[in-house]
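User: Could you walk me through how to read a charged side chain and a sheet in this model?
Analyst: Happily; let us look at it together.

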Amino acid sequence: MKKILILASNPRKDLNLNREIYFLRSIIESSRYDSQFEVVIGNAVRPEQLQELFREHRPRIVHFSGHGEGAKGLVMEDDVGQPCVVSTQALSNLFKNFAGTIECVLLNACYSEVQANAITEHINYVIGMNQAIQDKAAIDFTRGFYQAMGDGESIEQSHESGCNEIELKNNNPSTARSETATPERKFIALDASEAGFWQEHQIPVLKKKSNLTAFPVQQTVSQNELAEQRYQADVQNDLNLGQASPRKPSLTQQEYRDRQSLLEQVESFWIKGVLEKALHKRKRLKLDLEIRADAVQRFFHSADELPTSHNQSLEWLTSINVFEQMGTGRTLLILGEPGSGKTIELLNLAKRLIERTKNDLSRPIPVVFNLSSWTSKRQSIADWLVEELQDHYRTKKSLGKKLVKQEELLLLLDGLDNVREKYRNDCVRALNQFLEDHSTTEMVVCSRWEEYKKLSERLKLRSAIYIRPITPENIDSYLDVVGSPLAGLKTVLKQDKKLEEFAQSPLILNVMSWAYHGYSATEVLNELSSADQRRQRLFDTYIKRMFDRKELRPIYSSKQTERWLTWLAQRMNQTSQEIFLIEKMQPNWLKNRSEITGYKLIIYLVSFLISLPIYFSSGGANLGLNGLVIVALIVGLIFELSTNASPPISPLEKISWSWQRAKSRFVSEFFKGVRYGSILGLILGLIQGGPINALRVGLIGGLIFGLINGLIFGVRSGLVISEIIERTVPNQGIRASLRNSLFFVLIFGLIGGLTGGLTVGLQGLNAGLLSGGIACIQHFILRWMLYQKNRIPWNYEKFLDFASERQLMKKVGGGYMFLHRMLLEHFARMNPN
């Protein structure tokens, strides 16, 4: 097999190397003889890595993508990511040491003909650029060159094909370079007099050694054998996964802390919070795997080009250490039936990767996400990842963008089947686009098989595996470990093959072991006699057994618990949530328009009551009932104009200061205050003394009110509000919002009181209350309404802890999850009444 080693270096971040790598890999994998090639990627290459990479991979072809600096050499990165030049002589000596293994070198960088001449003293074929080459033309040459190589053509023929690809794409030589806005692959601008103008397709030049070194000729094999070799090699790489090199050469102290913090958050949340509490971690079952070549679109490959034998289980697959390591650019799809252990295997992979990364934080950071949250905004995967990093881990937005852009994350994406059905194909397209734009990012995706095979789109991943149902032998072994308490279940499963098939899911088998612990064979058979209601009866019995546990104190009745969990499951299912945070409850959890209207009315009444102190302190008592009604109408109008149909609850959890935001918002808040203050002043002036007085009071009142409003709310706008990233206790966001609100009530009230007396001080108190306090009021009113409808308990945290003790839910940080998606779906199908 010929290995192609890609050395990519772009310290200026101005070249589209990801696209070049994507095309190179996809062209090779879609070619006739793709099983004869293996692509290895070295990203952000440093000079001191070159010998190590050459010895590790023993490449036949070396492909350099980046900048050239003429006679001085090629540009790579130093330890801190800054440009450094590797001299022509050093490169020549490097390739001299590996002349027996490297047959061809392609230097896809400007003015690299100098290096090509030097290297060709030792290497059979070297391609360099005799001038500056546009980034687009360099990519076109890569496409044409490797298309020919993949079809079995010689290096000379492949060079001609690459040049012709440029010529075809830029068929107007007089305008091709002037119209192309892509950057050139040179590090400095050389004097135009040093090199005459060449047509773009004449720039790549092939240099050939005078005495060629003999290399072994690849044997010709059949198409089926090629496909077999190709797919087995890919799956073995993606499962045995073993040779990822560290991405970043050295880390600053801040980078080290950021990466360590992110890794700790992933481990705390998913490994300690989910994996170690998982139901079927108690008695680990052996899972068998099989390759599913038909499940992925391997770049430009059609799935039906692969022989059907790949859907058979391969003996070598079960003997390797699955999920040991991930390698650069490798991607994998994990499929299975509901409860087959997909998430557990994904988290076992995460656990191994975390342990590996702890020893070397320069490696890509493994991060777990659930794709269900993508449904809400349906944005690009890159933007979604940045938001998820911010919402669920200790990651600033700027750091999240950097980690995604520089491809320093190893993505473990669960729950493709949890994306709403009508958006699932869109999600697959978004993932494929992300992989095209981030060609060296490693990714694993999990999905239920039934939901996945209904999609019209296919993920463009390198390989896919399917977690097979548990074998009858493994079921027997599992039940034998427990012994006599499950003897009745074992007898029934032996007698009824349909029930045995039903039990071939790790989750179902574990739930059975809890539900029918101590049951006789007759009792088990009575419970599961109806095939249509088998799953429902199983989970009903499991729930009942969890309530019958004598070691736990029954705080809530089973009827109350089922009602509240049913309502919660339906809401989580409706909003595509996997993790429930109490502080994230929103008005859209109300049942209908009348309930939302009632909720808004209560919010309005509270706002009106808050405005009364300001009204009376400014002489409103002298206006009597009419004035009070007018103020109520104005407050209601302002409230209605400033909110939508169901104003979202946005707690003030975490704050920082921004002078730029404060200055920009001061102007808009000033004019808003003038507008509302003038209206209020005109009305009060008319009531007190006629048109002239109304104009005077309106003008003065508008200016004063605008100044106060601009000062207070402009200062408030300078506070950058964000969410607590690490949630360790339930409802932490609302508690933090209340503390911040009380702090700002004191601050704004004091500022207002010192600058404008009692009335302005009360306005400051009002502004402080709006800084986080209104979210607490909204949250309290929403929960009170839901409690009155008997949809939730008053002490939600206590109840969810109670459900977790009974293994119906599990507590994860400051949130809660149902024990398994299948249990959530069971509750969601129940009638809460």
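**A lysine and a sheet**

Analyst: Lysine 810 sits in strand S17 (residues 809-812); strands are DSSP runs of E with at least two residues, helices runs of H or I with at least four, numbered from the N terminus. The model is predicted, with local features needing pLDDT of at least 70 and side-chain atom pairs 80 or more, while totals for chains, interfaces and linings use all residues. Residues are numbered from 1 along each chain as its sequence is written, and side-chain values use heavy atoms, leaving out hydrogens and water.

User: Is lysine 810 buried or exposed?
Analyst: Buried means under 20% relative accessible area, exposed over 50%, partly exposed in between (1.4 Å probe, protein chains only). Lysine 810 is buried.

User: Which side chain of opposite charge is nearest to lysine 810?
Analyst: A salt bridge needs a side-chain nitrogen of Lys or Arg within 4 Å of a carboxyl oxygen of Asp or Glu. Lysine 810 has none: glutamate 578, the nearest side chain of opposite charge, is 8.5 Å away. A polar atom of the lysine 810 side chain does lie 3.3 Å from the backbone oxygen of leucine 819.

User: How is the sheet of 6 strands ordered?
Analyst: Strands pair if DSSP finds at least two bridges between them. This open sheet has mixed pairing and runs S2-S1-S3-S6-S7-S8. Its edge strands, S2 (37-42) and S8 (204-208), each pair on one side only. Inside the sheet, S3 (residues 61-65) and S6 (residues 104-108) run parallel, joined by 5 bridges; histidine 63 has leucine 106 in S6 as its bridge partner.

Technical notes:
Lys and Arg count as positive and Asp and Glu as negative; His and the chain ends are not counted. A polar contact is a pair of N or O atoms within 3.5 Å; within protein, one must be able to donate a hydrogen and the other to accept it, and residues adjacent in sequence count only if both atoms are side-chain atoms.
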